[in-house]
Amino acid sequence: MSDWTLDYDGFEPGQEALREALCTLGNGYFAWRGAAPESRADEVHYPGTYIAGCYNRLRTEIVGETIENESLVNVPNGLVLQWRIDDGDWVRLADVDILEYRQQLMIKHGILKRSLRYCDPQGRLTRIEQQRLVSLDSPHLAILSTVIHAENWADTIEIRSALDGRVLNAGVARYKDLNKQHLRSVNSETLDPDSFALTVATTQSHIRIAQAVRTRLWRGDTRITPAPDIERRDGYIAHRYHLELDPERALRIDKLIALYTSRDHAISETGLEARKAVSVDQDYDELAARHITLWKQLWQRFDVDILHDDPRVESRTKQVLRLHILHLLQTTSPHVMDLDVGVPARGLHGEAYRGHIFWDELFVFPLFNLRMPEITRALLRYRHRRLGEARAAARRAGYQGAMYPWQSGSNGREESQHLHLNPKSGNWIPDNSHLQRHINAAIAYNVWQYYQVTCDVEFLSCYGAEMILEIARFWASLASYNDSLERYEIHAVMGPDEYHDAYPGSEQPGVNNNAYTNVMAAWVLLRALEMRDILPSQRFAELCQALNLASEELAHWEQVSRRMYIPFHDDGIISQFDGYDQLAAFDWEGYRRKYGDIQRLDRILEAEDDTPNRYQVSKQADVLMLFYLFSAEELGALFSRLGYPFEYETIPRNIDYYVQRTCHGSTLSRVVHAWVLARADRPGAWPLFMQALESDVADVQGGTTPEGIHCGAMAGTVDLVQRCFTGIETRGDVLWLNPRLPEGLKRLTLNIRYRQQILELWISPTALRISADPTTGQTIKLGIGTQIHRLRPGELREFQL
Ligand code: BGC
């Protein structure tokens with residue numbers, strides 16, 4: 001065990017699905033779950049291969065309704081490598097006596113190692129060593145290298161190297177009643193004794209997916225070229241090699257896999273490209289060397305280092321933070337710069353939420369903004385390409401501007417499900433989560449943050465401003481004026497807390513005046529108005545003309561941004577929504593006693609024929625999101641512009657109030673709570689940070705990580721170290737730093753990029769040192785305390801805290 005590896009000793013069937021998710025390898029273009037190469041989908045194993053942006057739609061009849069779901073498709077399994085001795089059964093872990101088993105994810109190198117020693121029922125001792133990678137250097141390639149040692153036997157061994165296209169999307173038990181067959185087979189062919197290929201297509205989106213395999217074998221150091229038997233079935237092709245094996249010389253098998261789809265750039269035909277890619281003479285070591293070099297480069301930009309009083313805490317924290325960075329980079333590596341993709345909430349690691357893209361990007365982008373903003377830029381363009389669909393959605397719903405979907409997939413249609421299954425009760429329940437209109441604020445916020453870090457006016461001119469303006473227009477049209485309040489209101493929405501989707505007993509979905517939504521709407525309107533000053537005047541005029549945006553409309557936005565209604569309880573607490581304080585108090589103690597784990601109170605209560613809508617219970621941070629996204633200074637300015645009092649001391653009171661009412665039913669929740677507690681200097685921040693850190697690696701939700709990692713929580717924990725503990729804010733053309741290291745943390749070092757400068761930060765509880773790389777960028781403004789300093793390239797500054 002080290003800070004740079006994730007190690008598993010022993011084979012534990014009940015843990016296998018979790019390990020598969022956590023040992024996923026990917027390169028932003030595609031990913032392989034960390035499944036055993038000899039396994040197929042069953043109760044223990046779930047091999048899965050997912051290609052970024054490869055979606056397909058299927059219809060299913062559920063409780064008398066036809067529903068259509070779009071899913072990230074599990075594509076043919078190219079990892080398959082099986083063996084059997086003397087015509088016996090193909091070896092399965094379940095059938096042999098496992099003597100040693102070790103799996104190691106090399107976080108630094110993006111390589112998965114596995115070693116296995118077993119005794120079969122015939123008393124034969126066999127040792128297997130495997131290594132695999134999904135190339136960061138050549139995004140269409142992956143390779144698996146296997147060495148088989150016959151320890152005490154000499155016999156015929158048969159190796160089966162296959163491409164299995166008979167796969168389903170069956171990785172999530174809750175979706176078992178939905179159609180799962182996304183692929184139809186197109187063709188398979190054997191190319192030469194080494195190589196074969198398989199092409200399939202998705203059934204509705206008609207994406208062609210071609211894979212080619214090249215299998216090479218060595219006995220000892222000698223390359224051998226046995227003629228294979230060819231096995232072909234619909235959607236399946238394999239080469240089977242018969243060899244003699246003895247203890248003298250081990251057998252090595254390298255399986256190179258190439259993967260192309262009809263969505264790729266610079267291709268003629270998918271099958272042709274896949275065949276061409278495996279015909280190039282490159283072996284495992286060459287591919288690994290280039291792959292490792294590129295990972296090294298990424299770590300130079302993305303690593304974080306800490307020194308903690310307790311060496312065990314230090315080691316675990318570094319290990320898990322690095323694991324998180326690895327998985328984020330595997331989901332959205334620099335290769336996404338050339339793709340049309342967003343960040344699937346659950347990575348390319350499993351099938352939960354069907355590979356959809358949510359507001360979770362809000363938690364992911366800050367990491368990339370400060371390390372490799374080109375990645376954020378590419379991911380924001382995914383949203384811009386779907387602006388037309390968002391406009392159409394707004395119009396259909398009777399609004400103006402652009403209304404982005406809560407869940408997004410291929411073409412930007414709303415992909416939220418209409419019904420979802422409560423696995424606790426077995427009931428299919430109407431799903432109103434599409435009413436989380438706050439996704440639009442998240443997109444505008446992401447554009448704004450990217451701009452603040454990079455000052456990329458060109459991006460704003462071409463894409464970002466148009467999104468902000470159209471989203472602002474949507475908010476202005478959604479807000480209605482209440483004469484008696486003399487304020488604008490937003491009705492019938494859901495906030496981030498998904499446990500409240502209606503008022504108790506109401507047939508009408510949604511709640512009114514969700515504080516988070518209303519504040520964000522006002523904030524977006526302000527940013528939209530600011531475009532007048534930021535964009536070159538000619539470009540702003542062009543946009544106004546193209547969007548038919550007249551000065552009266554801008555004046556209306558100004559008005560809405562000043563007069564948006566924010567609900568408060570009588571005692572000055574910001575109300576999560578109108579009437580939250582009127583809801584019943586919840587029996588936390590009683591439910592904890594009865595159920596133990598009450599994170600999914602929605603399911604527990606529905607199974608009791610009750611609903612969280614009746615209670616003051618929140619799934620996750622909602623009001624507290626405001627303190628997560630904005631500094632006290634920013635919120636103070638926003639509230640005072642809205643004409644509401646905002647005293648600094650209300651922050652801890654709001655935190656205390658909502659902390660007591662939240663059950664952390666989403667992994668995002670602990671990130672936000674740890675953040676706001678840390679910034680408000682309140683105890684509890686570090687334990688919550690540690691819990692957030694363990695979300696996936698320990699599968700704290702008890703079964704969700706096997707279905708895919710939680711990108712938001714993973715990025716959020718890294719960002720806690722990156723921006724929260726350092727107090728980094730990028731606002732008003734200034735890089736603000738206000739470090740506040742949690743107790744026990746003695747040092748924090750990281751590299752960030754800000755407006756083309758490469759900065760190294762070194763922080764202790766009493767000092768901050770910042771040095772700028774000598775060669776790049778222009779002088780930047782640094783805000784420390786209330787002072788603004790200038791930092792030139794090559795300069796080093798030190799500040800006492
Ligand atoms: C959370 C959402 C989140 C989604 C996808 C849900 O459980 O409540 O806030 O966007 O998961 O991660």
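The second largest pocket of this protein has a volume of about 940 Å³, and the structure in which it appears is a predicted model. Of the 45 residues that line the second largest pocket, those closest to its centre are Phe630, Ser631, Glu633, Glu634 and Glu729. The points below begin with this pocket, then turn to the enclosed cavities, to a pair of helices and finally to the domains.

**The second largest pocket**

- Helix 16, which covers residues 632-642, gives the most to the lining of the second largest pocket, contributing seven residues.
- When the lining of the second largest pocket is sorted by class, there are 26 nonpolar residues, eight polar residues and 11 charged residues.

**The largest cavity**

- Counting cavities of 30 Å³ or more gives two, and about 150 Å³ of space lies in the largest cavity.
- The largest cavity is lined by 16 residues, of which Ser71, Asn169, Tyr175, Asn179 and Arg354 are the closest to its centre.
- Two elements, strand 4 (49-62) and strand 5 (65-74), give two or more residues to the lining of the largest cavity, and strand 5 supplies the largest share with three residues.
- By class, the lining of the largest cavity consists of six nonpolar, seven polar and three charged residues.

**The second largest cavity**

- The second largest cavity has a volume of about 50 Å³, and the residues that line it are Pro366, Asn369, Leu370, Gln449, Val453, Arg723, Ile728, Glu729 and Thr730.
- Helix 5, helix 8 and strand 24 (729-731) are the elements that give two or more residues to the lining of the second largest cavity.
- The lining residues of the second largest cavity divide into four nonpolar, three polar and two charged.
- Glu729 is among the residues closest to the centre of the second largest pocket, and Glu729 also lines the second largest cavity.

**Helix 5 and helix 8**

- Helix 5 (residues 361-369) packs with helix 8 (residues 439-454) at an angle of about 10 degrees, and the axes of these two helices are 10 Å apart.
- Because angles under 35 degrees count as roughly parallel, this angle makes helix 5 roughly parallel to helix 8.
- On the side of helix 5 the contact is made by Glu361, Leu362, Phe365 and Asn369, while helix 8 takes part through Ala442, Tyr445, Asn446, Gln449, Tyr450 and Val453.
- The residues of the contact between helix 5 and helix 8 divide into six nonpolar, three polar and one charged.
- Asn369, Gln449 and Val453, which belong to this helix contact, are also among the residues that line the second largest cavity.

**The domains**

- The protein is divided into domain 1, covering residues 73-299, and domain 2, covering residues 748-800.
- The C-alpha centres of domain 1 and domain 2 lie 47 Å apart.

Conventions. Residues are numbered from 1 along each chain as its sequence is written. This is a predicted model: local features need pLDDT of at least 70, side-chain atom pairs count only at pLDDT 80 or more; totals for chains, interfaces and linings use all residues. Side-chain values use heavy atoms; hydrogens and water are left out. Domain bounds come from an automatic or database domain assignment. Axes are lines fitted to C-alpha atoms, for helices over the stretch in contact, and angles run from 0 to 180 degrees between N-to-C directions. Helices (H or I, at least four residues) and strands (E, at least two) are DSSP runs, numbered from the N terminus. Angles under 35 degrees count as roughly parallel, over 145 as roughly antiparallel, 65 to 115 as roughly perpendicular and the rest as oblique. Contact means heavy atoms within 4.5 Å. Ala, Val, Leu, Ile, Met, Phe, Trp, Tyr, Cys and Pro count as nonpolar, Asp, Glu, Lys and Arg as charged, and the others, Gly among them, as polar. On a 1 Å grid over the protein atoms alone, a cavity is a set of points where a 1.4 Å probe fits but cannot get out, and a pocket is an open set with protein on both sides within 12 Å along at least five of seven lines; lining residues have an atom within 4 Å of a point. Grid points are joined across faces, edges and corners, and a volume is the space filled by probe spheres set on the points.
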